[in-house]
Amino acid sequence: MTRSTQLQASVHEPAGALPPSGISPFWRTIGALLRNPLALTGLIIVGLLVLVALIAPLVAPQNPYDLGQLDIMDGRLAPGSESMTGMTYLLGTDDQGRDLFSAILYGLRTSILVGIVSAAIALLIGAGIGLISAYAGGRTDAVLMRIVDIQLSFPAILIALILLAVLGQGVDKIIIALVVTQWAYYARTVRGSALVESKRAYIDAARSMALPDRRVIIRHILPNCLPPLIVVATMRVAYAIMLEATLSFLGIGLPVTEPSLGLLISNGFDYMMSGDYWISVFPGLTLLLLIVGINLIGDALRDILNPRREG
Amino acid sequence: MSNPILSISGLTTSFRTGGQWRDVIRDISFDIGPRETVAVVGESGSGKSVTAMSVMRLLGGNARSSGRIGFDGHDLLSLPVEEMQKIRGNRIGMIFQEPMTSLNPVLKIGDQITEVLMQHRGLDHATATTEAVRLLDKVRIPSARARLGEYPMNFSGGMRQRVVIAIALACEPKLLIADEPTTALDVTIQAQILELIKTLQQEEGMSVLFITHDMGVVAEISDRTVVMYRGDIVETDTTRQIFRKASHPYTRALLSAVPQLGSMAGQPRPLRFPVVDMKTGEIAPVPPTADTVRHDIAPVLKVEHLITRFPVRKGILRRIAGRVHAVEDISFDLHAGETLSLVGESGCGKSTTGRSLIRLEKMTSGRVQIDGKEVAKANQGSLAEIRREAQMIFQDPFESLNPRMRVGQAIAEPMIAHGLASSSEAISRAGTLLEQVGLSAAMADRFPHEFSGGQRQRVCIARALALDPKLIVADESVSALDVSIKAQVINLMLDLQERLGLGYLFISHDMAVVERISHRVAVMYLGEIVEIGPRQSVFENPQHDYTRRLMAAVPIADPARRQTRRIVDSEIKSPFRAADYQPPKRRYREVSPGHFVQLAME
């Protein structure tokens with residue numbers, strides 16, 4: 001080290017700096033979430049639902065996908081009834097004789113999996129396109145953003161319907177359909193904030209240090225675009241789950257043998273009028289709880305991550 | 001003193017943050033007499049603006065004030081909201097720092113003035129319009145009647161501030177509160193506005209409460225001065241007395257850090273600022289500056305006929321309607337260990353020059369050589385090499401650090417990206433660099449928001465040093481800092497120059513700072529260098545008209561030398577030109593060795 005002489009710092013600095021804590025923005029956000037009662041409620045709801053979905057095979061009294069365990073004679077039993085073999089159907093059974101409680105646990109698995117996986121893929125694709133669009137600018141930007149415009153001008157459900165009609169049924173197919181309908185939202189969000197960030201002096205600073213473009217994009221622009229992206233992603237996961245439920249309800253999402261929440265609601269819909277409310281209502285309530293939980297977190301995140309509210 | 005207009009006693013204002021009340025100003029007391037100008041001066045965080053806002057009761061719901069603010073027989077703090085509304089904007093006028101945002105952009109100037117007149121004085125539309133013209137005349141806006149129908153965007157910054165003053169005067173207030181009204185303005189415009197406020201005060205018989213951070217402005221305008229430091233008044237006295245014999249160490253520190261134009265007469269080299277001991281108020285002697293300029297080796301930066309123009313496109317066909325001639329045919333060179341300052345007012349092209357040199361902006365034509373390497377022709381690889389030699393420090397230390405990166409990482413990053421060090425070496429070197437700029441290595445783990453402005457600028461300097469550059473382009477690097485911090489950062493820059501033999505291209509609008517730090521000075525106006533030469537020669541013997549005007553406009557931090565100026569209505573012209581404009585060939589005259597001045601066009 002050639003130049004290590006230490007300078008005498010006669011530092012008298014006026015107030016203005018926050019007390020040094022060394023806590024990263026990530027943990028500050030988590031801390032703020034936990035201190036917000038609504039967000040905490042959302043976190044608990046979503047956390048519990050995800051947990052039971054994960055451990056469904058361990059806690060569910062029945063495997064609703066195993067047709068051998070079902071008994072058609074137990075069809076449409078009211079909540080609390082006992083089966084021929086002596087087990088209690090907590091939430092009743094559907095027309096196939098499935099234990100609704102077990103079916104909901106397994107349905108949650110599918111719904112959450114589809115929601116998160118499709119949102120993650122769409123986020124990766126969308127964020128990538130958005131960053132390229134903002135950083136390249138000019139013609140590339142114009143072309144990419146017109147594609148986004150076209151994509152957004154079609155109703156999501158219409159695109160999904162057409163795609164599923166072509167691709168057929170299945171979890172992978174519905175994930176593809178959801179990604180196609182969702183990526184554009186991420187692309188637009190990321191492009192917007194990346195454009196703002198790339199005008200700021202610290203990007204000039206990075207460029208004046210001759211950092212490679214890829215490094216500037218990934219290490220400098222992307223992390224600063226994360227706050228709006230996280231908010232959009234949270235809301236979009238909820239939307240993807242709802243869209244999947246809608247598609248399944250319409251009978252073109254998932255096969256009947258692997259019911260998601262939407263399909264369960266659809267199954268019970270025929271019997272609503274005959275008084276067998278539980279088949280639709282319990283899966284519906286679960287879906288509602290999940291969506292509300294995610295949105296509570298999303299709302300709180302939007303408030304916490306909004307730079308104008310800092311201070 | 002005869003009955004004061006405004007009498008503040010025991011004013012304490014606190015803000016609630018995180019459920020706790022924190023005092024921002026404590027037990028403030030001072031009076032303002034009739035026709036008196038009182039300046040409240042202090043650095044950021046001193047509570048000077050909060051004092052003004054407390055008087056106007058403009059603070060939000062998370063603030064509370066106690067004490068007494070006597071105005072015209074009322075206690076403003078205990079007045080009901082409706083009564084306060086009648087005083088605010090009526091008996092007390094206020095002007096703010098930012099003339100760009102304190103006018104409504106979608107309303108015509110005339111309507112914004114008549115609105116106030118009709119609201120507060122109950123005039124009908126016709127009389128209000130006549131009165132509006134009278135007010136605009138009063139603030140010396142040329143052809144006032146014609147400009148009533150224009151929108152704020154048609155006015156320049158200085159003109160907008162005049163409109164704001166006209167609105168504040170609309171109801172013939174007894175007291176005018178001016179909160180940093182000239183801080184956002186160029187120095188020649190600032191001189192005009194200060195002169196205007198002084199004149200209006202005499203004409204209208206108002207009292208003025210003037211909030212500022214600038215000791216030069218204080219000396220220029222105020223009768224008495226209140227010095228604030230971290231929420232307390234440390235000293236109140238007549239301005240003359242404060243400048244002649246300040247009693248509090250903080251005031252003395254503040255004054256010694258104020259660069260004074262002309263204080264460098266007879267000094268050929270840059271000079272550090274004196275360091276004042278904050279407890280005793282003693283001023284340590286300034287160590288002499290070594291001769292750092294290396295004339296014996298080839299210049300580290302060579303600029304020949306640099307031109308940078310920005311096309312302005314219009315219409316659907318995006319045809320070029322004209323060009324902004326931001327930088328027009330400038331040439332200079334800079335030696336290792338030398339500081340060349342580019343000075344000028346906003347829009348003169350000084351920043352664009354700096355940015356063009358390292359290709360943050362694409363130059364239109366010309367030759368730039370950094371350490372013998374051609375900048376314009378460089379490809380990606382050689383550009384990286386050139387940028388290693390020339391680093392930039394930006395104006396806003398809050399903006400120029402990535403908020404999501406620990407400062408240690410930020411300093412280490414260029415070394416890693418250029419393959420100069422492994423990541424563990426880079427991190428340890430980042431610590432050394434932090435120590436070199438007067439911070440501690442342990443601060444490497446902090447995020448930028450955990451530093452104050454001055455510390456952040458030190459971090460930026462450390463980052464610029466990471467690649468061992470030969471040249472540093474400092475673009476308004478100290479302009480956003482408080483005076484005492486500014487002095488420290490400049491001392492640091494001079495230390496580093498002595499130790500590392502750095503060449504500085506120091507871009508600034510602040511003549512007084514420039515006088516302190518530079519070996520040579522180039523004055524820019526409308527994209528051209530109008531005068532360039534050794535600092536001593538340019539400052540002691542300015543030749544070009546614009547240089548003289550610029551120097552005359554700088555407020556002098558000495559009330560004894562207060563000058564009366566003519567109110568000149570000149571505005572800074574725009575470097576926008578038609579597409580087919582051919583810039584004239586400029587010729588220069590050598591006044592003394594190395595001191596060139598542009599010849600006027602015949």
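**Strand pairing, helices and annotated regions in the predicted two-chain model**

K314(B) lies across from R319(B), a residue of strand β12(B). In this predicted model, that pair belongs to an antiparallel arrangement in which strand β11 (residues 301–314) of chain B is joined by 11 bridges to strand β12 (residues 319–334) of chain B. Four residues separate the two strands of this hairpin, and among them G315(B) adopts a positive phi near 75°. Strand β12(B) is also connected to β21(B), through three bridges and in antiparallel fashion. Within that second pairing, R323(B) is placed opposite R577(B) of β21(B).

The loop that leads from α19 (545–553) to β21 (576–578) of chain B contains V554(B). With 21 C-beta neighbours inside 10 Å, V554(B) is classed as buried, because the criterion is 20 or more. Leaving aside residues up to four places away in sequence, V554(B) is in contact with V187(B), G216(B), L261(B), M511(B) and A512(B). A further relation across the chain links V554(B) with D186(B): 368 residues separate them in sequence, yet their C-alpha atoms are 9.9 Å apart.

An open sheet of eight strands is also found in chain B, with the order β16-β17-β18-β13-β19-β20-β23-β22 and mixed pairing. Its edges are formed by β16 (390–393) and β22 (588–592) of chain B, each of which pairs on one side only. From one strand to the next, the twist averages 20°. Inside this order, strand β19 (residues 520–525) of chain B runs antiparallel to strand β20 (residues 528–534) of chain B, and six bridges connect the two. One of the residue pairs involved is M524(B) with I529(B), the latter being the bridge partner in β20(B).

Another open sheet of chain B comprises four strands, ordered β2-β1-β4-β5, with antiparallel pairing. Strands β2 (20–32) and β5 (74–75) of chain B occupy the edges; each has a single partner strand, and therefore one side of each lacks a neighbour in the sheet. Strand β1 (residues 6–17) of chain B is linked to β2(B) by nine bridges, the two strands being antiparallel. T17(B) has Q20(B) of β2(B) as its bridge partner. Helix α1 (residues 48–56) of chain B packs on this sheet and touches β1, β2 and β4 (63–71) of chain B. The direction of helix α1 makes about 80° with that of β2(B).

Among the helices of chain B, α16 (residues 483–500) has 18 residues, for which a rise of 1.5 Å a residue predicts a span of 26 Å. The end C-alpha atoms of α16(B) are 25 Å apart, in agreement with that expectation. Of the 18 residues of α16(B), 14 are buried, so this helix is largely enclosed by the rest of the structure. Directly after α16(B), G501(B) has a positive phi of about 65°.

According to an unreviewed UniProt entry, residues 6–255 and 301–551 of chain B are listed under "domain: ABC transporter". The span 301–551 of chain B is 37% helix and 28% strand, and its end C-alpha atoms lie 27 Å apart.

Chain A contains 11 helices and two strands. Along the sequence, the elements of chain A follow the pattern α-α-α-β-β-α-α-α-α-α-α-α-α. Of the 311 residues in chain A, 40% are buried. When contacts in chain A between residues at least 6 apart in sequence are considered, 67% connect residues at least 24 apart.

An unreviewed UniProt entry assigns the annotation "transmembrane region" to residues 38–60, 112–135, 147–168, 174–190 and 277–298 of chain A. Residues 112–135 of chain A are 100% helix and 0% strand, with 34 Å between the end C-alpha atoms. For residues 277–298 of chain A, the helix content is 95%, the strand content is 0%, and the end C-alpha atoms are 31 Å apart.

The average pLDDT of chain A is 81, and 87% of its residues score at least 70. In residues 1–19 of chain A, by contrast, the pLDDT is below 50, although this stretch has 40 contacts in the model beyond near neighbours in sequence. Where pLDDT is low, the predicted coordinates should not be interpreted in detail.

How values were computed
Residues numbered from 1 in each chain as written. Chains lettered and ligands numbered in written order. Predicted model: local features only at pLDDT ≥ 70, side-chain atom pairs only at ≥ 80, totals over all residues. UniProt positions renumbered as here; feature names shortened; annotations may be inferred. pLDDT = per-residue confidence, 0-100. Contact = placed C-beta atoms within 7 Å. Pairing = 2+ DSSP bridges. Axes fitted to C-alpha atoms, helices over the stretch in contact; angles between N-to-C directions. Expected span 1.5 Å × (residues − 1). Buried ≥ 20, exposed ≤ 12 C-beta atoms within 10 Å, placed from the backbone.
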